[in-house]
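Here is a short note for someone opening this structure for the first time. Please read the points with the model in view.

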Amino acid sequence: MAGREATDGDGLPDIPRLDPGAVAPIRVEGLRKRYGNVLALAGVDLTVEPGAFHCLVGPNGSGKTTLLRTLLGLVEPSAGEVSVPDARLGTAFQRPSHYDQLTVADNLDVFGALADADAAWAETVLARLGLDVVRDRIAGELSGGYSRKLDLALALQKAPAYLLLDEPLGELDDVTKLRLLEFLGAYRDAGHGVVISTHNLGQFASYVDHLTIVHDGAVLLDTPRESLDVPDGELQELYVERILSAASESDGEG
Amino acid sequence: MSLRTILRKELLWSRHRALALLFVLVLLPAAFAGASVFFQSTLPKDAPVAVVVEDDAVSGAEYDVVAASFRLFSRPVRYDSEARALRDLERETVYAVVSVPPDLGDPAVDRVNMTVTIDGDMTPYREPSGALVSVVSATMNRQLDTRVVVDREVRGEERKLASYLLPSFLQILVFTFAFAYLPYNLASEEAVLDRLRVETSLDAVVAGKLLFFTGLLAVPLLVFHGLGLGLGYGVNLLAPGAILAYGLTFLACGAIATAVTFASGFGTTGRLLNVLVLFAFLGFSGLVYPAGFFSPLRRGVVRLMPTHYAMVVVRGTTLRDLPPAEFGTWLGGVALFALAALVPLKLAMIAYERGT
């Protein structure tokens, strides 16, 4: 695995370790989703391994968010099978998804109770994401960075075996991005699966264990990172080339 | 120049808000203008009145004379039992009870007394009943040789309009709470719904919301009750039957408002539709004037509204101190209405979940 190896030694509370072998993979077979005349997913096959950093990458409107929402059970497939193991899923959406009128601490309290979260773990999340300094602030008044961290903290309440995040770094400043990435890497290193939906692969390049490129509702490329003979810095280029090539093929067919 | 640009912007905006503007500028005014057909009369001219034959000595012809004289200003309904008639008076099924004495048609009898009983708590009927007694008295004395003295008897104390209106105003608040505040509150938390659906279920979220807000009604209930006590109104808003009726009304209306909110995908259409439904409930629940006061069309609609029966239960239990058991069937009906309202709510939630 790429990225940070240790979760200890940084002065912050530890992330509890999870044995990836004890968690079943997420499997998707022949998944189709139609919204009226629009085919959002056109027969997707996918396996997400536990304990891996899996990037679902694709341009806007490619179907990756629909795919993520289907895994979460928020979208009913039109056809196909989705098998999510009886493991806890945590998620953060593109849009902020917390109670704006409540404080950070209240939000954590509510979602912690729903997740039956361990109090010590809730404090660990708070400290690791640097949210302890804003715990008494009203969530609706937080900056974009803290707002996103709060959503991540809510997703982490039940220490999910898989963390599914939709564009988790969107509109964040570089320092906040770096800290969030470090945290996600540490979370993966502790044995938890991290699934990222993004159109900006470059930001996650040094953490990716598995890459799935989605285009027009179909999987264009699905491969372990190690099978790609390109350095981290060229992953984004590889993705863009694949997309452009697929687009020109489509245009040619059209 | 800048004004022209801004006006142009407003024009562009209106093109994208055609549906909302259609509602505000066409549908709503049409609903208000159309609602005028429901106000065809200012005084009840065909409110039901129970005509009770006192004993077997009253002939059919005597009954007919009495009924005919009442028909000028009300709608007489024959009752064979005074107890049943008085019970229906309490339930606002009739607004006066007339006892037909024997010997009305006997020319040998100089004078006969006839009683029109009204409910002192039915404040809006006080003045119409006075007019009714005068008209009936004049008509009967014109038609009969016997002198008929029509007495107006008031059951209980004559209640002032202010105290009569107290339970109605609380019911108006319940409707407003259900159709305006609840959808607003729900919409303000729309962004959290996806997370909640992952962590728990939409059913639990909506059930929690409805139950919590129903419980919150205890606060305005206590405020109304306290003010009523302070003002010396003699209205018991904490009567169990009233609490049940208010609670069930809120549950039913809250479920409908929530269903509209989900069905519209939290859109403007849903908010506007809820306002329209609120007006419908305010207009057709007999909140201030009882059903019998309205035009036949409006009365027919009101009699179909479960919330009208909830209002009668509220008035009966708060103004007249009647036990809730007196209204068991109607409370059961309102409870069924609340349960039935959960069906469109569930369907709207399913549609919402499938559509997102």
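**Notes on a predicted two-chain model**

1. Start with chain A. The C-alpha centres of its two domains, domain 1 of chain A and domain 2 of chain A, lie 26 Å apart. The contact between them takes eight residues from domain 1 of chain A and six residues from domain 2 of chain A. On the domain 1 side of that contact in chain A, five residues are nonpolar, one is polar and two are charged. As for bounds, the assignment for chain A gives domain 1 as 21-87 + 161-174 + 184-253, and domain 2 as 99-160.

2. Keep in mind that this is a predicted model. For the complex, the predictor gives an ipTM of 0.87 and a pTM of 0.86. Chain B has an average pLDDT of 90, and 97% of its residues score at least 70. Where in chain B is confidence lowest, and where is it highest? The low end is helix H2 of chain B (residues 18-35), with a mean of 80. The high end is helix H10 of chain B (residues 240-263), at 98.

3. Chain B also has two domains in its assignment: domain 1 (48-155) and domain 2 (161-355). Measure between centres over C-alpha atoms, and 37 Å separate domain 1 of chain B from domain 2 of chain B. Eight residues from domain 1 of chain B and 11 residues from domain 2 of chain B make up their contact. What classes of residue does domain 1 of chain B bring to the side that touches domain 2 of chain B? That side divides into three nonpolar, one polar and four charged.

4. Now the contact between the chains. Chain A gives 15 residues and chain B gives 11 residues. Strand S5 (89-92) and helix H2 (104-114) of chain A each supply at least two residues of the side that touches chain B. By class, the side of chain A that touches chain B has 10 nonpolar, three polar and two charged residues.

5. One residue to inspect at this contact is B:Val192. This valine sits in helix H7 of chain B (residues 190-199). Setting aside residues up to four places away in sequence, B:Val192 touches A:Ser97, A:His98 and A:Tyr99. Is B:Val192 buried or exposed? B:Val192 counts as buried because it has 21 C-beta neighbours inside 10 Å, and the cut-off for buried is 20 or more.

6. Compare B:Tyr63, in helix H3 of chain B (residues 60-71). This tyrosine has 17 other C-beta atoms within 10 Å, so B:Tyr63 is partly exposed. Beyond neighbours within four places in sequence, B:Tyr63 is in contact with B:Val53, B:Val58 and B:Val100. How far is B:Tyr63 from B:Arg17? They are 46 residues apart in sequence and 63 Å apart in space, C-alpha to C-alpha.

7. Finally, the record for chain B. An unreviewed UniProt entry carries the annotation "transmembrane region" for residues 161-182, 202-223, 243-263, 275-295 and 330-352 of chain B. Two of these spans can be checked against the model. Residues 161-182 of chain B are 100% helix and 0% strand, with end C-alpha atoms 30 Å apart. Residues 330-352 of chain B are also 100% helix and 0% strand, and their end C-alpha atoms lie 33 Å apart.

Methods: Residues are numbered from 1 along each chain as its sequence is written. Chains are lettered from A and ligands numbered from 1 in the order in which they are written. This is a predicted model: local features need pLDDT of at least 70, side-chain atom pairs count only at pLDDT 80 or more; totals for chains, interfaces and linings use all residues. Two residues are in contact if their C-beta atoms, placed from the backbone, lie within 7 Å. Helices (H or I, at least four residues) and strands (E, at least two) are DSSP runs, numbered from the N terminus. Ala, Val, Leu, Ile, Met, Phe, Trp, Tyr, Cys and Pro count as nonpolar, Asp, Glu, Lys and Arg as charged, and the others, Gly among them, as polar. pLDDT is the predictor's confidence in each residue, from 0 to 100. A residue is buried if 20 or more other C-beta atoms lie within 10 Å of its own, exposed if 12 or fewer, and partly exposed in between; C-beta atoms are placed from the backbone. Domain bounds come from an automatic or database domain assignment. UniProt positions are given in the numbering used here, feature names are shortened, and annotations may be inferred rather than shown by experiment.
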